[in-house]
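Dear colleague,

I am handing over the structure below, with a summary of what was found in it.

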Amino acid sequence: MGYRCRIPQHPVIYRNHVSSEWFVLRAAYPTTIDQRTLQEETALYIAAVHGHLDCVQFLLQSGAEPDIVNKTRETPLYKVCERKNSAAVQLLVDYRADVNHRCNQGWTALHEAVARNALDIIDILVKGGAKIEAKNCYGTTPLFVAAQSGQLEALRYIVKCGADINTQANDLATALFEASKNGHDDIVEFLLSQGADANRQNKDGFLPIHIAAKKRDNDDIVSMLIPVTSRVRVKRSGISPLHIAAERNNDDILEELINAGYDVNFTLSFDRARLYEDRRSTVIYFSVMNNNIPATKLLLEAGANPNIDIINPLLISIRHGCLTTMKMLLDHGANINAYISTHPTSFPATIMFSMKYLSLLKYIMDLGCDAESCFTCEYGNGPHPPIQDQRQQEDIPQNPKQPKIIQFCEMVSTPELSRWAGPIIDVLLDYVGNVRLCSRLQEHLDSYSGWDCIKRKADWSRDPGDPWETIGKYVKGKRQRIKVR
């Protein structure tokens, strides 16, 4: 059996054989009945684990101590509860085994019996003096364990015995919270019928409805929690269950919460938002970030404002290259000229996010994005400061109250975009009137012979109203000079 025995009666225990051997051993070794193996297991413990009732009874009658623990502080009573051996439980309780002994995790025999929904054993333990409100090292009572593991019959019994329906673990989670977390519909229904409080937060400030919104197919539990959950408590938590449903792509729950009147423009509290690197705050941001088109449509039709977040969700849709989401957002008022306040630029961030995708850049230009701002440079034809790589910029102390405004010419001069500079400028020039390229943009166009035609287009766009200005006309890459009278 894998046991290293050092007392003579253990082999007899394994065979579950009570005979004259026992009496011989008992007479020969009167003081060894409670001796233990190297695993700290007594003969009684081994007999109980293997369900050898005759041996258990003989040892108890012979004076074996029922509460000697093994290395993990488990008693014979604890192990027979784990094995759901009600006859052995009754036998040990009759011989005054400690029904409230705790293992090294703080679990009692009642915790173990409840976790296994063993009603006959629970009844024996309770009648034998087991404490209903005993807590393990995590602060969970037998009632909490029953709710957590989905054992409805055990839960009903414990409640009838007077267990606290709103018991909370060390992390302040309630039994209702755990049942909602694990998707136990019947447990949630029973707890609510017994007056369980749906407005007790865990240590992280979450309510049962928050945790229920995390799990897919938890619609029924969310439906039960909606009418008993305080909207004021939700507001105080700093996060709406809508946020969680959107983050987990639980569209059915999202729709259910919207239909129940939850505010689609509820924003994360500052403490919640700063947990995300992008400082997101709205529900719709989560849906757009997940590229969840049905959820985005659902929220927009319910009145979600797409212009609240520090980073406009439109910018995220551009990054994803999802024209469907972009169109929906723009149709519902998203700002085509959105900027990012924490990373200020002299031109719309929508242009910055679409620079590498020329077809996308043309699309947002067609929708009216401000192209002229790209050619408004504070340095003009004068010298520009040298371009610094990212590591140099990180070494320079920044004033958080006055972040530096990035010019368009600086952006396209970065190593990631410099090779795209010509085509980007080419697209933008089609959407501007009179503009003059700054010296850095001129340098870019001069740096590559293939961009000569773009430079000529820029020359023509400087002052097309001058009747003697040379107009660039391009046919198959060749320039024709036409003087207008």
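This is a predicted model, in which local features need pLDDT of at least 70 and side-chain atom pairs count only at pLDDT 80 or more, while totals for chains, interfaces and linings use all residues. Residues are numbered from 1 along each chain as its sequence is written, and side-chain values use heavy atoms, with hydrogens and water left out.

The protein has 29 helices and two strands, where helices (H or I, at least four residues) and strands (E, at least two) are DSSP runs numbered from the N terminus. Of its 485 residues, 48% count as buried, buried being under 20% relative accessible area, exposed over 50% and partly exposed in between, with a 1.4 Å probe and protein chains only. Among contacts (heavy atoms within 4.5 Å) between residues at least 6 apart in sequence, 68% join residues at least 24 apart.

The UniProt record, an unreviewed entry, places the feature "repeat: ANK" at residues 39-71, 105-137, 138-170, 171-203 and 237-269; its positions are in the numbering used here, the feature names are shortened, and annotations may be inferred rather than shown by experiment. Residues 138-170 are 52% helix and 0% strand, with end C-alpha atoms 6 Å apart, and residues 171-203 are 48% helix and 0% strand, with end C-alpha atoms 5 Å apart.

Asp34 sits in the loop between helix H2 (20-28) and helix H3 (43-49) and is partly exposed, with a relative accessible area of 24%. Leaving aside residues up to four places away in sequence, Asp34 touches Thr42, Gly63, Ala64, Glu65 and Ile68, and a polar atom of the Asp34 side chain lies 3.0 Å from the backbone nitrogen of Glu65. Thr37 is also placed in the loop between H2 and H3, but Thr37 counts as buried because its relative accessibility is 1%; its side chain reaches the backbone nitrogen of Gln39 at 3.1 Å.

Further along the chain, the axes of helix H17 (residues 251-259) and helix H20 (residues 293-301) come within 10 Å and cross at roughly 5°, the axes being lines fitted to C-alpha atoms over the stretch in contact, with angles from 0 to 180 degrees between N-to-C directions. H17 and H20 are therefore roughly parallel to each other, a term for angles under 35 degrees. In this contact, Asp251, Leu254, Glu255 and Ile258 of H17 meet Pro294, Ala295, Leu298 and Leu299 of H20, and the residues divide into six nonpolar, no polar and two charged, where Ala, Val, Leu, Ile, Met, Phe, Trp, Tyr, Cys and Pro count as nonpolar, Asp, Glu, Lys and Arg as charged, and the others, Gly among them, as polar.

With best regards

Key
Polar contact = N/O pair within 3.5 Å; in protein donor to acceptor, adjacent residues only side chain to side chain. Parallel < 35°, antiparallel > 145°, perpendicular 65-115°, else oblique.
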